[in-house]
Amino acid sequence: PPRPQRRTMFLVLAVVLFTTVVVLAIREQLRFQTLRRGMPGPRWVLPFIGNLIPVARDPYEFFRKLFAQGHRVSWNSFLGKFFILTNDVAITKRVLKEQGTKFALYLSDSAKYVLGPDNIGSLHKANHSFFQKLVVPIFSRKNWTSYLPVVEKNVRRHLSLWIDECKQNDTVVVSSKCHDMLISITMETFLGSQHRKRLPDFKEKLAVYSRGMFCLPVYFPGTTLWRAVKARKSLTADLKPAVREAVDRVDRDGGASSSFLDQWVKSLMDGRLEMSDIVRLTCENIPSLLFASQDTTTATLTQFFALMSSHPNVLAKLRDEQRRLRPNDEPITAATLDQMTYAAQVFKEVLRFNGPVFFLTVTALCDTEIDGVFIPKDAIVAANMRKALHSDGFADPHMFNPERFGPERREYVSNAKHYLPFGVGAHRCLGNHFAEFLVVVTAALAASNTEWRRISTEKGDDKMTIENAAILADGCVISMKERSEAK
């Protein structure tokens with residue numbers, strides 16, 4: 001067309017596009033005003049992205065301020081989704097209990113592409129119940145203690161490496177060191193030493209996979225999400241030979257296992273699943289189990305080292321227990337682990353005081369109402385887990401005190417409805433025993449064999465951030481040395 005006609009055409013297209021964007025933006029704002037039903041919250045949010053910008057800057061501080069306003073429920077929006085934030089413990093418990101029926105776990109829009117459709121966290125109702133019955137027994141405390149030699153060997157080795165690094169560089173960052181240690185432990189316990197050696201780049205692929213869980217949901221070559229999905233497919237391909245070998249091993253040895261992978265495969269075989277289903281379900285779930293065990297346990301261990309630095313009386317009691325149970329630093333056995341009651345109390349109090357899950361998000365599968373609060377289908381409910389853990393049911397809830405979990409006070413019994421670090425109901429975290437097992441063993445060995453002090457940084461001792469889990473922003477910088485008593 002002639003140039004004037006082209007100019008007119010582009011002008012018309014621009015007007016149409018602008019008008020469409022304005023109409024969609026107004027429609028979104030009106031939808032939010034209808035859904036909020038009088039809930040406190042922002043008068044309006046930026047079209048399409050909502051409050052994404054302040055969340056991206058500092059997610060922990062953003063949500064801390066929102067929850068600190070004290071509203072029973074309030075609303076907000078991120079990337080066009082309607083969020084309901086709640087401080088109400090009763091609503092939190094109902095939401096957690098009804099996962100799989102009225103609610104589904106929500107990590108992010110990206111996570112569903114990274115995890116895949118057959119991940120146990122994505123299953124609902126009958127499928128989830130069937131899968132859970134098959135695999136829950138292998139997540140028991142008794143089963144995890146069978147890996148004590150592997151875990152103790154790795155923890156001792158890594159503590160020695162930390163001490164050696166402090167001799168050269170004065171300090172180490174606990175969060176990064178714990179993450180490396182946990183990768184080593186979980187790779188060996190989950191996959192077995194024979195597969196770990198054959199998968200040298202598994203750790204790097206798992207890191208790419210993990211970064212995709214909470215990235216922007218933008219999928220095209222080169223984006224974080226695209227790389228994460230590619231990493232998942234590569235991890236699945238890497239695992240297939242190991243899974244088939246595990247099936248052969250279970251058939252040959254009649255149930256004897258050398259790793260968690262063998263036990264997982266045997267559980268699925270006992271459920272009479274087809275070989276193709278066993279391979280698919282295993283390959284899609286093992287990476288997510290490794291991911292889930294890394295960041296939350298890393299954050300918990302980081303808090304442990306920080307809190308022991310600021311509570312030397314607690315550390316002294318922990319050492320007294322170890323001196324009584326293992327006077328000559330003997331290897332930890334299942335029997336001595338069961339007797340580490342104070343170490344278990346410390347673990348429970350670390351989770352209660354400043355655990356890795358600040359809030360938990362679920363998406364509504366249908367319109368529902370809880371205690372007078374209407375929750376529309378597809379709304380995202382962000383439940384403040386820390387509100388429950390710091391409720392007035394606990395004596396001096398803002399004080400760190402493992403004694404509250406002792407046999408005299410038994411606050412974990414009187415406040416069972418508030419102690420929700422692993423959730424509640426059918427979708428309760430499968431890794432609760434594994435987390436306690438790892439933290440208690442690490443605490444016992446660190447208390448017995450090392451001394452450390454925390455080094456303050458410009459970020460401050462209490463500043464938190466969210467990196468797949470709520471964790472100290474500075475990672476807890478410490479200087480560590482061998483204990484003179486341990487020599």
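Buried means under 20% relative accessible area, exposed means over 50%, and partly exposed lies in between, with a 1.4 Å probe and protein chains only. The exercises below concern a predicted model, in which local features need pLDDT of at least 70 and side-chain atom pairs count only at pLDDT 80 or more, while totals for chains, interfaces and linings use all residues. Residues are numbered from 1 along each chain as its sequence is written, and side-chain values use heavy atoms, with hydrogens and water left out.

**Exercise 1. Salt bridges and their surroundings**

Task: Describe the salt bridge between Glu451 and Arg483, and classify each partner as buried or partly exposed.

Solution:

Step 1. A salt bridge is a side-chain nitrogen of Lys or Arg within 4 Å of a carboxyl oxygen of Asp or Glu, and the side chains of Glu451 and Arg483 meet in one at 4.0 Å, N to O.

Step 2. Helices (H or I, at least four residues) and strands (E, at least two) are DSSP runs, numbered from the N terminus. Glu451 lies in strand β9 (residues 450-454) and Arg483 in the segment after β12 (477-482), so the pair ties together parts that are 32 residues apart in sequence.

Step 3. Arg483 has a relative accessible area of 8% and is therefore buried, whereas Glu451, at 27% relative accessibility, counts as partly exposed.

Step 4. Strand β9 also holds Arg454, which links to Asp474 in the loop between β11 (470-472) and β12, 20 residues apart. The closest N and O atoms of this salt bridge are 3.1 Å apart, and both Arg454 and Asp474 are buried.

Step 5. For a pair within one helix, turn to Asp277 and Arg280, which both lie in α14, three residues apart, about one turn of the helix. Their closest N and O atoms are 2.8 Å apart; Asp277 counts as partly exposed at 25% relative accessibility, and Arg280 counts as partly exposed at 34%.

Step 6. A search of the whole structure finds 27 salt bridges, and a network of salt bridges links Glu349, Arg352, Arg404, Arg409 and Glu411.

**Exercise 2. Two helices that meet**

Task: At roughly what angle do the axes of α14 and α17 cross, and which residues meet there?

Solution:

Step 1. Axes are lines fitted to C-alpha atoms, for helices over the stretch in contact, and angles run from 0 to 180 degrees between N-to-C directions. The axes of α14 (residues 275-310) and α17 (residues 341-354) come within 10 Å and cross at roughly 100°.

Step 2. Angles under 35 degrees count as roughly parallel, over 145 as roughly antiparallel, 65 to 115 as roughly perpendicular and the rest as oblique, and α14 is roughly perpendicular to α17.

Step 3. Contact means heavy atoms within 4.5 Å; on the α14 side Thr300, Gln303, Phe304, Leu307 and Met308 take part, and they meet Val346, Phe347, Val350, Leu351, Phe353 and Asn354 in α17.

Step 4. Ala, Val, Leu, Ile, Met, Phe, Trp, Tyr, Cys and Pro count as nonpolar, Asp, Glu, Lys and Arg as charged, and the others, Gly among them, as polar. By these classes, the contact of α14 with α17 has eight nonpolar, three polar and no charged residues.

**Exercise 3. A sheet and a hairpin**

Task: Which strands form the open sheet that contains β9, and how many residues of β1 are buried?

Solution:

Step 1. Two strands pair if DSSP finds at least two bridges between them, and the open sheet of three strands has the order β4-β12-β9, with antiparallel pairing.

Step 2. Its edge strands, β4 (172-173) and β9, each pair on one side only. Five bridges join β9 to β12, and Arg454 stands opposite Ile478 in β12.

Step 3. Helix α14 packs on this sheet and touches β9 and β12, its direction making about 85° with that of β9.

Step 4. Turning to β1 (residues 73-78), six of its six residues are buried. Both faces are covered, with Val73, Trp75 and Ser77 on one side and Ser74, Asn76 and Phe78 on the other.

Step 5. Strand β1 pairs with β2 (residues 81-86) in the antiparallel sense over six bridges, and Lys81 in β2 is the bridge partner of Phe78. The two strands form a hairpin with two residues between them, and Leu79 in the turn has a positive phi of about 50°.
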